[in-house]
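Got your viewer open? Load the structure below, give each chain its own colour, and follow along.

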Protein chains: 2
Amino acid sequence: MTFLPVQPLDPAAPQRRLAYHPARPLLRPFVPQAAAFRAGTTTPRTVLEECIATIERDEPAIAAFVAHDLKAARIAADEATGRWKAGAPLSPVDGMPVVVKDMIETAGLPTQMNNPIYAGWESRRDAAAVLALRQAGAVILGKTVTTEFAVGNSGPTRNPYDTARTSGGSSSGSAAAVGAGMASLGLGTQTHASTLRPAAYCGAYALKATHGALHAGGLAPLAPTLDHLGLIGASLEDVWAAAVTIARRAGGTPPHPGLAGTLAVPPPHRPATLVRLDTLGWDETPESSRAAFEAAIERLAATGTRILDAGNDEATAALEATLRDIGDFANDLLAWEARWPLAAYRAHGPEMVGARIQDLLARAERMDAGAYLAALDRRAALRAQVASFAGRAAGFVLLAASGPAVQDHAWTGSRNYPLPWTLVGGPAFALPVLEAEDLPLGLQIAGFADRDADACAVAAFVRDTLLPR
Amino acid sequence: MTFLPVQPLDPAAPQRRLAYHPARPLLRPFVPQAAAFRAGTTTPRTVLEECIATIERDEPAIAAFVAHDLKAARIAADEATGRWKAGAPLSPVDGMPVVVKDMIETAGLPTQMNNPIYAGWESRRDAAAVLALRQAGAVILGKTVTTEFAVGNSGPTRNPYDTARTSGGSSSGSAAAVGAGMASLGLGTQTHASTLRPAAYCGAYALKATHGALHAGGLAPLAPTLDHLGLIGASLEDVWAAAVTIARRAGGTPPHPGLAGTLAVPPPHRPATLVRLDTLGWDETPESSRAAFEAAIERLAATGTRILDAGNDEATAALEATLRDIGDFANDLLAWEARWPLAAYRAHGPEMVGARIQDLLARAERMDAGAYLAALDRRAALRAQVASFAGRAAGFVLLAASGPAVQDHAWTGSRNYPLPWTLVGGPAFALPVLEAEDLPLGLQIAGFADRDADACAVAAFVRDTLLPR
C-alpha cells in the first residue's frame, strides 16, 4: 500500500489543459463493457491497467489520491477476470475499479478526512457501500482527496481538464479520478453539494439517490438528515449498477429498506413533461453556459416533451421563488446537525480545524432547538412543494453546477444548483452532456423521492437525446 | 492511562456475596451532594477518591473496566472542586465520576468493543454524549466491559452483589461499576435490553430516554432505529441531570431536537392511573420476585393511584397480548439493521466474530426488504397501541428484569422486560427499589414518547413511595 499524507496544493505541479468534448470524454466505463468481458475481448485486469497507467501519468498533475493499493487491486482484478471468463461474474460491477472518498471507512486503507487529527487512522471496517461493492467483486483501488471533514479547507486536487481550476468538492478526488479515467466509479458524499458539483466540474456522471435509499453506514457523520452517499461514475450504467448493487446487498440506512430497481439502467423514458428550474444559480451562470443549457432545453422540447418553466407555469414560478431562499435554512440545518462531530474535532484544539468549521460551530452556537425546528419546517414545506408536481411532470431539469469549474483552488464552487435536491431528498443525476468554454458543464435530472428508477429512465432519455450514441 | 485488554471470565477471581438492601445500596450519588459541594463539606475530588478506593478494592472481583485513566481523572476532579468552591460549577454534573461503555467513542481512551479486531483502537473523538458531559465538567474515569459488539459473547464482569452471578449485559461494566460504587454514572447503550437489564441486576438507576432524544453520535452503530444511549446512575437525580445536560449541549440525534426538561428532577407526580404490565417476562419471574412486585403494586395503589391491569381493563389485556408476541419481529429488526456493521466485522474472517453474531447475520440473510418492512409495521402498530393510553394513564409500571441477576456468566439474562419499551421508543426508567433473594430487583416506570420529564416525575413519585427517604 502506498500511503500519501494529504498535501496542500502544490504550485509546482505539472499543468495541463484539455478541451472537453462530451462525445469523447476521458471516462473509462466498466459496466457497458460486460459483453466484451464475457467474450474475453477485454478483461477487468485490462481496464485496471488502463486506470493504473493513467494514474501513473496524470496523478502528479491532478492529485486525486491520498492512498492506494495497486498490488491488492491487481489481485482482485485477476480474480474478477477469472469469474467473467468462467461465465460467472458476481455482479455487473465484478472487477470494476473503484475509488473511495477519504470520508468513507475502508478496511485495510486509512481514512484521514484531510485533517491531521486523523493522520494514518484506520476504521478497521468497510463502510456499508464499500463492503457491498467489494462483495460484488468491485476492485477498491484507493482513497481520494476530500476537503477537510467534507466541509472545510480544500485539498490539493486539480481539475482533469484544466489544472488551473478546481475539481470541485468536497468529493474532490473521486470526481477528478473518475473524470480523468483513473477509475470507473468513485464513492463520494453529499451534504450540500459535494457529489453533483465535483462530478459536473470533472465531466463525470453522478447519482445522489433518495436520502436513506443507499446505506450511509461508515460515512463519517456530518449532518445526518443531509448526508448522502454519492456515486460518481464513467457512465450512467456504472452509477446505476453500483447503486442497485449497494442497495441489494446493504439496503438503505434503517429504517429505509433501500433503493429498488433493476441492475440495468431502465429503458429510456421520454417524459411528457419536465420542469425547468433555474434556481439561485442562474444569476451566477456565465452566458456561454446559459446558452448551452438553453440549447439543451430546446432539443428536449423538440422531442415533444413539454417544458414547464417560471414563465409558463405558476407552480414552477412559485417553486423557483422558494428555491431562491433556501440558503439560510440549509446552513442552519448543516450547522446544528454537524455540531457533533465538529465540536469533538475542535476539542483537540481550535487550531486543529479550519476557519469554515469554526464558522459553522459559531453559527450553531447562536441557534437553539427552536431555530432548528424552524429550519426542518422550511425543508418540509419545500419537500411538499416539490411533491405537488408528481402528477404533472416526470421530473426536473436544471444545471448541475452554475457553469464550468471555477478558476480557484481555495473555493470548490457554488452550491446553488446541487443544494435544492439535497434538501428535497429525492434522486438527482449529473450528466456530463454539455460543454462551455471547452470545459465540462453538467446537466441535472432530478426526480421524486423513492422514485429513483423513474428518474434514471428520464436521465437515460436525456442523455441519449443530447449525446446520441 | 492503564490499558487492560478485555479478558475472558476469570474463574480464579475473588468471590463475594453481599445482601442487597434498597435503602442501603453501594451506590455513590453525585448530584444529590450539590449542597455539600457548595458548602465545601465534601468535594468532587473526595467522591472520586472514594470511587478509586472502591475500584482498587473490588475491581479484581468485579472486572468492570477495560481501561481507565486515574491520573487524568484526579486532575479533572480537582478542577471541578475548584469551580464548586468558587461558586461557579459548570453544571450539576461538574466533577461527576463517569464511566463509559466500550461501545462508545472516547478521545484519549481506546474503544475496543470486546472483539480482537478493535484491540487498542482509538476513535480520536468523543461521542456526542461524552463530549457534552466532559464540557459540563464530568470526570471521564474509564471504559467499561461490553459484550462483544454489544450483541455477542459476554465479558468477564461479575455482579457486585454476588460474583457468582452476571452483571447483565451488554452494558455489563457500566452497570457493575455504578452498582458497586466505582462511579456515579455509567454510559451504556440499549438496542434490545442492554441498559435496563444490567442496571436492574446491579442495583442501579437507569434511563433509556425517548429514541433519538439523546444524541447517539459516537455510539458504535448496531441497529439504528433500536440503538439508544443508556444512562446508568447512582440516583434518579444523577441519571436525569446527565440526560438533560447531554440534551442541552448535544441535542438529540438529528432530526430529533433533543430531550426537554429541567436539570432538576421534576416534582414527584402521583399518577391518577398507572398501567401494570406483566409481559412475557412474568412466566419466567421467580415467585419471590413476583411477590415483591405485587407488594409494590399494592403500595402504589394504597396512595390512591388506580392500577389498570389485564384483569380489569380490556385495552391493557390487549396490550399484554401484543407484548407476548414481539420477540420475533424484534429479532428481525435487529438482524436486518445490524447487517452492517456486523458483516463488515465478519469480513475479517468468520472466526473473528462469535456465534451469536454469526446467527444474527444468518437470520438477516434469510430476510428480504419485505420482511423488514413487515417488522417495521408490527412495531408501528405496537407504538400506536401504547400511544392510545395517553389520555387514560400517566405511565406504565412493570419489572425491569424478570427477577434478580441470573446465576450464569455466559448469559446476561432475559430481555423480556426491557425489550417492549426499546420497541415503543418511549422513556423507561429502572429503579433499584425492590429486592428478592437478597439481591437487587429493578422496577420499571415507562412513559410516552417525548414525554420523558413526565415519566421522570412519575418515577420520582414511585421511588419516594417505595423507598421513603
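Start by switching on polar contacts between the chains: in this predicted model, 16 residue pairs, both partners at pLDDT 80 or more, are in polar contact between chain A and chain B. If you then look for salt bridges across the interface of chain A and chain B, you will find zero by the rule used here.

Now colour chain A by secondary structure. Helices H4 (128-135), H7 (236-250), H10 (327-337), H11 (339-346) and H13 (369-387) of chain A each give two or more residues to the side that touches chain B. Pause on H11(A), which gives the most, with six residues. Next, colour the chain A side of the interface by residue class: you should get 24 nonpolar, nine polar and eight charged residues.

Zoom out and select the whole contact set, which pairs 41 residues of chain A with 41 residues of chain B. About 2900 Å² is buried between chain A and chain B, and carbon and sulfur atoms give 61% of that area. To see who loses the most area on the chain A side, select A:Arg124, A:Arg125 and A:Trp340; together they make up 27% of what that side buries.

For the last stop, superpose the chains. A turn of 180° with a shift of 0.0 Å along the axis lays chain A on chain B at an RMSD of 0.0 Å, so the two copies are related as by a two-fold rotation axis. Both copies use the same surface, with 100% of the contact residues of chain A recurring in chain B. Which residue of chain A comes closest to the rotation axis? Select A:Ser123, whose C-alpha is at 4.1 Å from that axis.

Notes:
Residues numbered from 1 in each chain as written. Chains lettered and ligands numbered in written order. Predicted model: local features only at pLDDT ≥ 70, side-chain atom pairs only at ≥ 80, totals over all residues. Heavy atoms only, no water. Contact = heavy atoms within 4.5 Å. Buried area = accessible area lost by both parts, 1.4 Å probe. Salt bridge = Lys/Arg side-chain N within 4 Å of Asp/Glu carboxyl O. Polar contact = N/O pair within 3.5 Å; in protein donor to acceptor, adjacent residues only side chain to side chain. Helix = DSSP H or I, 4+ residues; strand = E, 2+ residues; numbered from the N terminus. Nonpolar A, V, L, I, M, F, W, Y, C, P; charged D, E, K, R; others polar. Least-squares fit on C-alpha atoms with pLDDT ≥ 70 in both.
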